[in-house]
Amino acid sequence: MNILVLGGTGAMGSPLVDILASCGNEVFVTSRKQRSTEKTGIHYITGNAHELDFLTEILRENYDAIIDFMVYSPEDFRGRIGLFLKSTKQYFFFSSSRVYADAGNEMITEDSPRLLDVTQDKEYLETDEYALAKAREENILRQSGKNNWTIIRPYITYNNARLQLGVLEKESWLWRALEGKAIVFGKDIASQYTTLTYGYDVALRVVELIGKKEALGETFHITTEESVLWQDILGIYLDVLEKKTGRKPKVCWVNDSTQFLKAVDNRYQIKYDRLFNRKFNNAKIDQFTEIMDYQKIEEGLRKCLSQFLVQSGEFMEINWRLEGAFDKVSGDKTRLKNIPGWKNRLRYIAFRYFIK
């Protein structure tokens, strides 16, 4: 099969591309950075998949499946969906399990209420915050008049390069720990149940849905059913770091995550996701796949963090506004000479010493 993967270089996309190619498919992957590979069956197409002209060009050829990891505004998605659906037998839209409303202690199924449909927060509804945008795009897909699509709702995924803690990427907690500074974390998030799914596990199940007529016009979340407290995830990270570095990282606890994370303005992700208990029922996807087992959360996180440390993995760009806010709370300091660029230095100084 000829399969197009849009933006397939992340925690789910990278293993998915490898699995598809190993099964004998010809896999075409868009990337804004020029990439090369010696792996048989993988072809990188350099370009920005957000640009309509670029999309139109690569979609001149029809594909057996299109797997779409891109993030759109609802307006942009509406302008592209017709092009996607006419260019493939099966279009996979990657939504998110963040679309679900608070289920309390109940298990979430694909029919559980979505935030878009039940929230009374008018200010929130006026935004295109990630969870709302994905739900609106699901609606656009369902209203397209076609059913050659499959909606995938992953939740928090991880691999060697992506290790999250609450709403923090590794650049905002692991980097601090390795620098000898305190990890700043909220007590309110720490006490909530969540789940993290190994990106490879999601990829395996997507592969099994390709070409299945029964999956057309259907929605699936793909997450492990195992649920743990965020404080236990932090404990796993701390234990691995202590064993690998010889010192236990410091933790600075704060009471209100929304307050201390104003520097990145992700209050809705905290309020309408990380402060919810997230527990998932996998009965629907299990009917379509032969693979029942998921990587255990503790084993997977230990393995991925250990490999990142041993291989001296790379960090993406550090958010210096957030670093300034964290240092203010924890009492740590960063030498200005270690901050690249005068703009970043000014951001750090503002949030470290002046902005409350």
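Searching the whole structure turns up one cavity of 30 Å³ or more. Keep in mind as you look around that this is a predicted model. Besides that cavity, the tour below takes in an open sheet of seven strands, the helices that lie on it, two cysteines and a glycine in a loop.

**The cavity**
- The largest cavity has a volume of about 40 Å³.
- Its lining is made up of Ala177, Leu178, Leu241, Thr245, Arg247 and Pro249.
- Two elements, α7 (174-178) and α10 (230-245), each give two or more residues to this lining.

**The sheet**
- If you trace the seven strands across the open sheet, the order reads β3-β2-β1-β4-β5-β6-β11, with parallel pairing.
- At the edges sit β3 (42-46) and β11 (218-222), each of which pairs on one side only.
- On average, and with direction ignored, neighbouring strands of the sheet are turned by 20 degrees against each other.
- For a look at one pairing, take β1 (residues 2-6) and β2 (residues 26-31): these strands run parallel and are joined by four bridges.
- Within that pairing, Ile3 has Val27 of β2 as its bridge partner.
- As general background, strands of a sheet pair through backbone hydrogen bonds, in either a parallel or an antiparallel way.

**Helices on the sheet**
- Helix α1 (residues 13-22) packs on the sheet and touches β1, β2, β3 and β4 (65-68).
- The direction of α1 makes about 160 degrees with that of β2.
- Helix α9 (residues 199-209) lies across β4, β5 (91-94), β6 (149-154) and β11.
- Relative to β11, helix α9 runs at about 160 degrees.
- Strand β4 is thus a good place to look for both helices, since α1 touches β4 and α9 lies across β4.

**Cysteines**
- The structure holds zero disulfides.
- Cys23 counts as exposed because its relative accessibility is 52%, and the cut-off for exposed is over 50%.
- Cys304, in contrast, has a relative accessible area of 0%, so Cys304 is buried.

**A glycine in a loop**
- You will find Gly313 in the loop between α14 (297-310) and α15 (320-330).
- With a relative accessible area of 25%, Gly313 is partly exposed, as this value falls between the limits of 20% for buried and 50% for exposed.
- Gly313 and Asn160 are 153 residues apart in sequence, yet their C-alpha atoms are 8.1 Å apart in space.

Notes: Residues are numbered from 1 along each chain as its sequence is written. This is a predicted model: local features need pLDDT of at least 70, side-chain atom pairs count only at pLDDT 80 or more; totals for chains, interfaces and linings use all residues. Side-chain values use heavy atoms; hydrogens and water are left out. Two strands pair if DSSP finds at least two bridges between them. Axes are lines fitted to C-alpha atoms, for helices over the stretch in contact, and angles run from 0 to 180 degrees between N-to-C directions. Contact means heavy atoms within 4.5 Å. A disulfide is a pair of cysteine sulfur atoms within 2.5 Å. Buried means under 20% relative accessible area, exposed over 50%, partly exposed in between (1.4 Å probe, protein chains only). On a 1 Å grid over the protein atoms alone, a cavity is a set of points where a 1.4 Å probe fits but cannot get out, and a pocket is an open set with protein on both sides within 12 Å along at least five of seven lines; lining residues have an atom within 4 Å of a point. Grid points are joined across faces, edges and corners, and a volume is the space filled by probe spheres set on the points.
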